[in-house]
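Biologist: I have a model open in front of me and would like to go through how its descriptions are reached. Could you take me through the reasoning?

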Amino acid sequence: VREDAAVALGKAVTAYGEEGEKVVSAHLKKALPAVKEQQKDSKRLANMENVTQFGVARRVTGKESLANSDAQMYSCGSLAPKMKRRGAGCMDHSFQRPAEPWEVTDGAVYLLRELSDKSPNVVSSLMHTLSEMIELRHYGHHVYLKQTVWKVVPVIAKNLGKRPFKRVMEPLLPVLFDTLVCNHRLAMHAAAECIEFLDKYLGHVIFTGRLTSDMKDKLRRNNLVRIQV
């Protein structure tokens, strides 16, 4: 949903031009730092109301969600025989909750991607803020936000262009390499793919020349990135 909303806002900028860019950019500048207000015990299914036919939905804490992130999943169809036909499973849209602050920032990251080819100056000006937001790790779901960031950075880099992106890249690198060794598989793979893209896009000598000895050591200690340093 967050990604779809960002795509829709990006299309609005294309349709409404300068007026649309002004409105959407104002929203982006407000949404991107929202994670600073995130409580320590982040939740993926926070503040649900008891408005479904199945009763109360218990809150899931950050630790619980992370612990179960690699567990086996079941489709709605596999559970359908056990549910009532009316408003069951995927068709029960009665869960209601406001977005968590980290989720607001997550949506803003997708919006950065969508605006990077339409409003590159706006996006460039916010990359430092982005680097500050992904440094925060006081809440359980920080790895999910980082995963989103490393998925969209290649698109942003290509849309901004090599020279403009190099000017805003360095503050991102420490967190990128921390994610590479963070022990959360999806975030680690997203970081690895981002690193390999940057090495190829910017050039091996240029990219590795920006790396500290600690970053190079993390490259050597992992088996996800095929880059020689």
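Modeller: Gladly; we can start with the whole chain and then turn to single helices. Please keep in mind that this is a predicted model.

Biologist: What makes up the secondary structure of the protein chain?

Modeller: There are 11 helices and 0 strands. Of the 229 residues, 43% count as buried, and 52% of the accessible surface of about 13,300 Å² belongs to carbon and sulfur atoms.

Biologist: Thanks! Now to α7: how do you know that Phe165, Val168 and Met169 are on the same side of the helix?

Modeller: Phe165, Val168 and Met169 are buried, that is, each has under 20% relative accessible area. They cover an arc of only 105° around the axis, so they lie on the same side of α7. The face turned away from that buried side carries Arg163 and Arg167, which are exposed, a word used for over 50% relative accessible area.

Biologist: Which helices do the buried residues of α7 pack against?

Modeller: Their partners are α5, α6, α8, α9 and α10.

Biologist: Why are α8 and α9 called oblique to each other?

Modeller: Their axes cross at roughly 130°. Roughly perpendicular covers 65 to 115 degrees and roughly antiparallel means over 145, with the rest between them oblique; α8 and α9 are therefore oblique. The axes come within 7 Å, and the crossing is left-handed.

Biologist: Which residues make that contact?

Modeller: From α8 come Leu176, Phe177, Thr179 and Leu180. On the α9 side, the residues include Ala187, Met188, Ala191 and Leu198.

Conventions. Residues are numbered from 1 along each chain as its sequence is written. This is a predicted model: local features need pLDDT of at least 70, side-chain atom pairs count only at pLDDT 80 or more; totals for chains, interfaces and linings use all residues. Side-chain values use heavy atoms; hydrogens and water are left out. Buried means under 20% relative accessible area, exposed over 50%, partly exposed in between (1.4 Å probe, protein chains only). Helices (H or I, at least four residues) and strands (E, at least two) are DSSP runs, numbered from the N terminus. The arc is that of the directions from the helix axis to the C-beta atoms. Contact means heavy atoms within 4.5 Å. Accessible areas come from the Shrake-Rupley method with a 1.4 Å probe; for residues, only the protein chains shown count as cover. Axes are lines fitted to C-alpha atoms, for helices over the stretch in contact, and angles run from 0 to 180 degrees between N-to-C directions. Angles under 35 degrees count as roughly parallel, over 145 as roughly antiparallel, 65 to 115 as roughly perpendicular and the rest as oblique. A crossing is left-handed if the near helix is turned anticlockwise from the far one by less than a right angle, and right-handed if clockwise.
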